[in-house]
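Reader: Please show me the sequence and the structure. I should then like to put some questions about how the chain is arranged.

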Amino acid sequence: MNKFPQNFLWGAATSAHQVEGQNIYNDWWQAEQGHLLKEASNSACRHYELYAQDFSIAQQLNHNCHRFSIEWSRIEPQEGNFQVLEIEHYRKIIADLRSKGLEPVVTLHHFTNPVWFSQKGGWTKFKLQKYFLRFVDRIVRELADQVQFWITINEPLVYSSHSYFLGVWPPQERSLFKTVKVTLNLAGAHTKAYQIIHQIYRQKNLVKPMVSIAANLQAFEICQPTAKNKLAAYLRNRLYNFYFIEKLLRKKTLDYIGVNYYSRNLVDVQSWRIKDLLAQTCPYNHHPLPKNSLGWDIYPEGLFKLLLAMKKYKLAVFITENGICTQDDKLRWDYIYQHLQQLHRVISAGVEVLGYIYWSLIDNFEWDKGFIPRFGLVQIDYQNQQRTVRESAKKLAEVFKSGEI
Ligand code: GAL
């Protein structure tokens, strides 16, 4: 049996817009209502009302932590108009988690923005960062005494590339210039948010918080060992996996490294064009692997390789997301089990890992893909909002209980 460290954090994640429902003041809702996306989130999982029920399920499944996000557009639906009752709502959420023995891991930005913020230009404008920082300051002041783990920004590069380069997420733009600008502004916003959070804890004489981002990492593997492929894999690894993290490490603004890991990217480049070097993948299903329902390769070893490569940072990592969308629950369990094996392997190789958070606690609104992908440990019937615990969740509950695989 492979034992995980003592005090390991075990849990699952959600994000506000994907589960709460009726987030009517954010840019996603606006785009959904304008029929710019495949599906609208509408009432989603009604988690805004049903959170206590969902956390009871997590508790029964032996989770000891839970990751969720605070919806900025609920807190500040119009510029400067802070909603005390909405802050109270998240305070209740945290109290409920704590009463059930679940350590809260709180995300401050998970892809959505208040409409007023995006109408001003959102993350493309350096000077607008101050609005996010004001929100961070307000929330952290209110909740500091109840929260130890913060994630300022979820997957900054996924946000900037999907919203400003690929044009698939609001505001659906395609501009390399804006993508770079947004990425840099997010890095700057994180750094300042980090300082604000730490300062509040010092002022309040609280134990130092643990602040990070959740970085999306992909395993870049080459299809054929050509010079082009090797260079491409190297560049992608540097640019997409480690550039952002290293930038923040240099600024000393990470207390741990939040890692979201899902899949492999099979690099196969036909020309030296920069566009191909940075994006082209093998279209032929060479080196086939089992896939999730969105067609992403299942590649547990990638988790091991990436975490091992991060050992040199001498900072603890925290798996803030890892999961699979599938209708085949046996495959879900295989996915989880194999990733936990690799996680244990890398811990044995000397990498400090604080915990493992599965994406997601419940089925939810998968952004531009809508409600079809099923990532949940708990199945949602969207007709009647009924929750059904999947077998994989029960098996995972055994691991969470014993702390071993
Ligand atoms: C992550 C994201 C989550 C979730 C997940 C599954 O990129 O943080 O919100 O959608 O992917 O695709």
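Reader: In which loop is P171 found?

Author: The model is a predicted one. In it, a cis peptide bond joins P170 and P171, with omega at about 5°. As for its place in the chain, P171 is found in the loop between α8 (156-164) and α9.

Reader: Which residue is joined to W359 by a cis peptide bond?

Author: The residue in question lies in the loop between β8 (353-359) and β9 (378-381). Its cis bond to W359 has an omega of about 15°. The residue is S360.

Reader: Which helix gives the most residues to the largest nonpolar core?

Author: The largest nonpolar core has 126 residues, and those with the most contacts inside it include F132, W150 and Y356. The helix that gives the most to this core spans residues 176-203 and supplies 10 residues. That helix is α9.

Reader: What does Y356 touch among residues over four places away in sequence?

Author: Y356 is one of the residues with the most contacts inside the largest core. Among its partners are F8, L9, W10 and G11, and also F318, I319 and N322. The list is completed by I336, L340, L343 and F400.

Reader: Is V180 in the surface patch buried or partly exposed?

Author: V180 lies in helix α9 and belongs to a nonpolar surface patch with F165, L166, L176, L184, L239, Y240 and Y243. Together these residues have about 690 Å² of accessible area, and both α9 and α10 (227-250) supply at least two of them. Because burial requires under 20% relative accessible area and exposure over 50%, the 44% of V180 makes this residue partly exposed.

Reader: How many disulfides are counted, and what do C45 and C65 show?

Author: A disulfide is a covalent bond between the sulfur atoms of two cysteines. The sulfur of C45 is 15 Å from the closest cysteine sulfur, that of C325, which is too far for a bond. For C65 the closest cysteine sulfur is in C45, at 19 Å, again too far. The count of disulfides comes to 0.

Reader: Which parts of the chain does the salt bridge of R134 and E76 tie together, and how far apart are they in sequence?

Author: The closest N and O atoms of R134 and E76 are 2.7 Å apart. R134 is partly exposed at 34% relative accessibility, whereas E76 is buried at 0%. Because R134 lies in helix α7 (residues 129-143) and E76 in the loop between α4 (72-75) and α5 (84-99), the pair ties together parts whose separation in sequence is 58 residues.

Reader: How many salt bridges are counted?

Author: Side chains of opposite charge can pair when their charged atoms come close. One such pair is E103 and R98, at 3.3 Å from N to O, and R264, K291 and D297 are linked in a network of salt bridges. The count of salt bridges comes to 22.

Reader: What is the phi of F111, and is this residue buried or exposed?

Author: F111 is placed in the loop between β3 (103-109) and α6 (115-119). Its phi is near 75°, a positive value in a residue other than glycine. At 3% relative accessibility, F111 counts as buried.

Reader: Which residue in the loop between β9 and β10 (386-389) has a positive phi although it is not a glycine?

Author: The residue lies in that loop and counts as buried, with 11% relative accessibility. Its phi is about 60°. The residue is Q385.

Technical notes. Residues numbered from 1 in each chain as written. Predicted model: local features only at pLDDT ≥ 70, side-chain atom pairs only at ≥ 80, totals over all residues. Heavy atoms only, no water. Core = buried A, V, L, I, M, F, W, Y, C linked by side-chain atoms within 4.5 Å. Buried < 20%, exposed > 50% of the residue type's maximum accessible area, 1.4 Å probe, protein only. Helix = DSSP H or I, 4+ residues; strand = E, 2+ residues; numbered from the N terminus. Contact = heavy atoms within 4.5 Å. Patch = residues over 30% accessible without salt bridge, like charges linked within 9 Å, V, L, I, M, F, W, Y side chains within 5 Å. Areas by Shrake-Rupley, 256 points an atom, 1.4 Å probe, with all protein chains shown as cover. Salt bridge = Lys/Arg side-chain N within 4 Å of Asp/Glu carboxyl O. Disulfide = S-S within 2.5 Å.
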